[in-house]
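Hi everyone, thanks for making time. I'd like to walk you through a structure that's probably new to you, so let's get it up on the screen.

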Amino acid sequence: MLYYSRHGSVAALAERIAEGVESVSGALALLRRVPEVSPRTEQSDDPLPISGPPYAEPDELSACDGLILGSPAYFGSMASPLKHFLEQTSPLWLSGALIDKPAAVFTSASSLHGGHESVLLGMIKPLLHHGMLIAGLPYSEPAVVNTRSGCTPYGASHHDHPQGAPLSEDEVRCARALGRRVAKLALRLKSSS
Ligand SMILES: Cc1cc2nc3c(=O)[nH]c(=O)nc-3n(C[C@H](O)[C@H](O)[C@H](O)COP(=O)(O)O)c2cc1C
């Protein structure tokens with residue numbers, strides 16, 4: 001799991017997704033964040049986060065059997081720290097390290113129509129360039145149909161209103177279901193390769 005979260009909502013989703021991953025026997029969720037970028041768009045000097053999961057190194061991704069990517073909605077797109085990190089993954093792209101591995105996406109947005117789908121679909125594009133196999137949430141998951149908050153067929157999401165609002169039951173269900181799905185696919189693909 002790789003994500004950026006400034007105020008904690010994306011991090012809260014990541015934790016529920018990790019529960020879903022680890023509900024699958026043999027699967028282990030590795031949580032990694034990306035650091036802030038400075039106003040000059042250079043990477044922050046902070047070597048370690050003050051709290052929470054460590055910052056990711058691009059190379060760590062090649063050791064994973066799947067990738068679940070999360071970002072807040074920033075003006076309808078992923079946040080620049082995550083994009084900045086992804087733009088350092090060219091060596092992985094050149095070596096094909098992520099080809100045929102499953103991937104999924106998640107987001108948090110403060111308005112209901114402020115970009116959940118748009119951000120999720122945008123985050124899928126770099127994963128496709130890496131040759132990853134995209135997993136969404138099928139409508140067989142009741143929360144995708146029933147939700148009155150976040151949770152989409154394109155990935156898990158949270159309607160963060162007011163800011164810092166807890167995840168709804170449907171959002172938690174979707175997050176866990178997404179983690180479970182990617183973990184199952186990763187194990188299946190790994191055993192068949
Ligand atoms: C620069 C900026 C741009 C934002 N753009 C959007 C947006 O386009 N749509 C939206 O619904 N919320 C937007 N928000 C709100 C955040 O997406 C929302 O609060 C999110 O839950 C924050 O995630 P975090 O708690 O993990 O940092 C924006 C917030 C900031 C700071």
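**Starting from one strand**

Okay, so strand β4 and strand β6 (residues 156–159) run parallel, joined by four bridges. Strands and helices here are DSSP runs, numbered from the N terminus: E, at least two residues, for a strand, and H or I, at least four, for a helix. Two strands pair if DSSP finds at least two bridges between them. To place you along that pairing, T107 stands opposite S157 in β6.

Two housekeeping points before I go on. This is a predicted model, where local features need pLDDT of at least 70 and side-chain atom pairs count only at pLDDT 80 or more, while totals for chains, interfaces and linings use all residues. Residues are numbered from 1 along each chain as its sequence is written.

Back to β4, then, which covers 102–109. What else does β4 pair with? Strand β3 (residues 67–72) runs parallel to β4, with six bridges joining them, and there P72 stands opposite S108. Strand β5 (residues 133–134) also pairs with β4 in the parallel sense, over two bridges; in that pairing, A103 sits opposite I134.

Is β4 buried or exposed? Eight of its eight residues are buried, meaning 20 or more other C-beta atoms, placed from the backbone, lie within 10 Å of a residue's own. In a regular strand the side chains alternate between the two faces of the sheet. Here, both faces are covered: P102, A104, F106 and S108 are buried on one side, and A103, V105, T107 and A109 on the other.

Now the ligand. Which residues come closest? Of the 20 that surround the ligand, the closest are H7, P72, A109, G114 and D160; the cut-off is a C-beta atom, placed from the backbone, within 6 Å. β4 and α1 (9–22) each supply at least two residues of that shell, and α1 gives the most, with three. The shell divides into seven nonpolar, eleven polar and two charged residues.

Last stop, the largest nonpolar core. That's a set of buried Ala, Val, Leu, Ile, Met, Phe, Trp, Tyr and Cys residues joined through C-beta atoms within 7 Å. This one has 48 residues, and L13, I17, I68, L69 and L178 have the most contacts inside it. The elements giving it two or more residues include α1, β3 and β4, but the largest share, eight residues, comes from α6.

That's the tour, so over to you for questions.

Methods: Nonpolar A, V, L, I, M, F, W, Y, C, P; charged D, E, K, R; others polar. Buried ≥ 20, exposed ≤ 12 C-beta atoms within 10 Å, placed from the backbone.
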